[in-house]
Amino acid sequence: MPFDFRRFDIYRKVPKDLTQPTYTGAIISVCCCLFILFLFLSELTGFITTEVVNELYVDDPDKDSGGKIDVTLNISLPNLHCELVGLDIQDEMGRHEVGHIDNSMKIPLNNGVGCRFEGQFSINKVPGNFHVSTHSATAQPQNPDMTHVIHKLSFGDTLQVQNVQGAFNALGGADRLHSNPLASHDYILKIVPTVYEDKNGKQRYSYQYTVANKEYVAYSHTGRIIPAIWFRYDLSPITVKYTERRQPLYRFITTICAIIGGTFTVAGILDSCIFTASEAWKKIQLGKMH
């Protein structure tokens, strides 16, 4: 007797004349197909969309930076002449630079009455401060007005990612125009290293920061008021890492198979129960008639 390979067929076919279509089965079939289509489109959207997950760990992520952090500062002082505005940098490694001018620009405002300072510089990865003041001016003014607006203060690379809502420019838009003109301003910054890794494995390094501030009047040893805008910073040992991830293809296929198989199974059970109950009800009605 020749071997029949068709014996391995577990999906045996039933002739159409042995099946019975019903209105209930048609309704359940249409609903079943619509439900599968809805779940399929939902899973497809999730498969196409890139997910951004975050994690925390203790480490210095950017070891190739040479222990430096790039800083971008953009600040307007509408009541202080440009020749009086200067940037000073200090830290615990002994750095003390007065009147930093590299990669900086001063733009006159209000017909020369005010000044907009834009600068890019680097700081060491140790606690320190940088401040905008009149310390580098040839002659100190009598009543320097330190009212200001901070347009931008950021550290490291600029991250423009829609899925990441971080404090990369926490002081952007800070308005101190209505404060005491002779007051000094202290901004205490806690800098948090941040890594963003895209789905191709490329990493970008930036820094977020939290800020607290206070306003006070400072006097020099001669009794004169010499206000300044201080940015005192310290680095957090915690690093935040954002990673782009996309759902693997095998998981997407597994989910689709589970949706189709599960929906058809549940729909088949529901249809069978309704059909059985309907047939039993018909028999009861026929028994009452006899």
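**Exercise 1. Find where Phe3 sits along the chain, then decide whether Phe3 is buried or exposed.**

Step 1: Phe3 belongs to the segment that comes before α1 (23–48). Keep in mind that you're looking at a predicted model.

Step 2: Now for the accessibility. The relative value for Phe3 is 58%. The cut-off for exposed is over 50%, so Phe3 counts as exposed.

Step 3: Look at the company Phe3 keeps. Together with Phe5 and Phe8, Phe3 makes up a nonpolar patch on the surface. The accessible area of the three adds up to about 420 Å².

**Exercise 2. Work out which residues and strands build the largest nonpolar core.**

Step 1: Start with a general idea: in soluble globular proteins, nonpolar side chains tend to be buried together.

Step 2: Here, the largest nonpolar core holds 33 residues, and Phe130, Leu153, Phe155 and Phe231 have the most contacts inside it.

Step 3: Next, the elements. Those giving two or more residues to this core include β2 (68–77), β8 (149–156) and β12 (229–235). The largest share is five residues, and β2 supplies it.

Step 4: Zoom in on Leu153. Leaving out residues up to four places away in sequence, Leu153 touches Val71, Leu73, Phe130 and Phe231, among others. Apart from the largest core there's another one, with nine residues, including Val192 and Val240.

**Exercise 3. Say which stretches form each domain and how far apart the C-alpha centres lie.**

Step 1: Domain 1 is assigned to 22–51 + 246–278, while domain 2 is 59–237.

Step 2: Between the C-alpha centres of domain 1 and domain 2 you get 57 Å.

Notes: Residues numbered from 1 in each chain as written. Predicted model: local features only at pLDDT ≥ 70, side-chain atom pairs only at ≥ 80, totals over all residues. Heavy atoms only, no water. Core = buried A, V, L, I, M, F, W, Y, C linked by side-chain atoms within 4.5 Å. Buried < 20%, exposed > 50% of the residue type's maximum accessible area, 1.4 Å probe, protein only. Helix = DSSP H or I, 4+ residues; strand = E, 2+ residues; numbered from the N terminus. Contact = heavy atoms within 4.5 Å. Domains from an automatic or database assignment. Patch = residues over 30% accessible without salt bridge, like charges linked within 9 Å, V, L, I, M, F, W, Y side chains within 5 Å. Areas by Shrake-Rupley, 256 points an atom, 1.4 Å probe, with all protein chains shown as cover. Salt bridge = Lys/Arg side-chain N within 4 Å of Asp/Glu carboxyl O.
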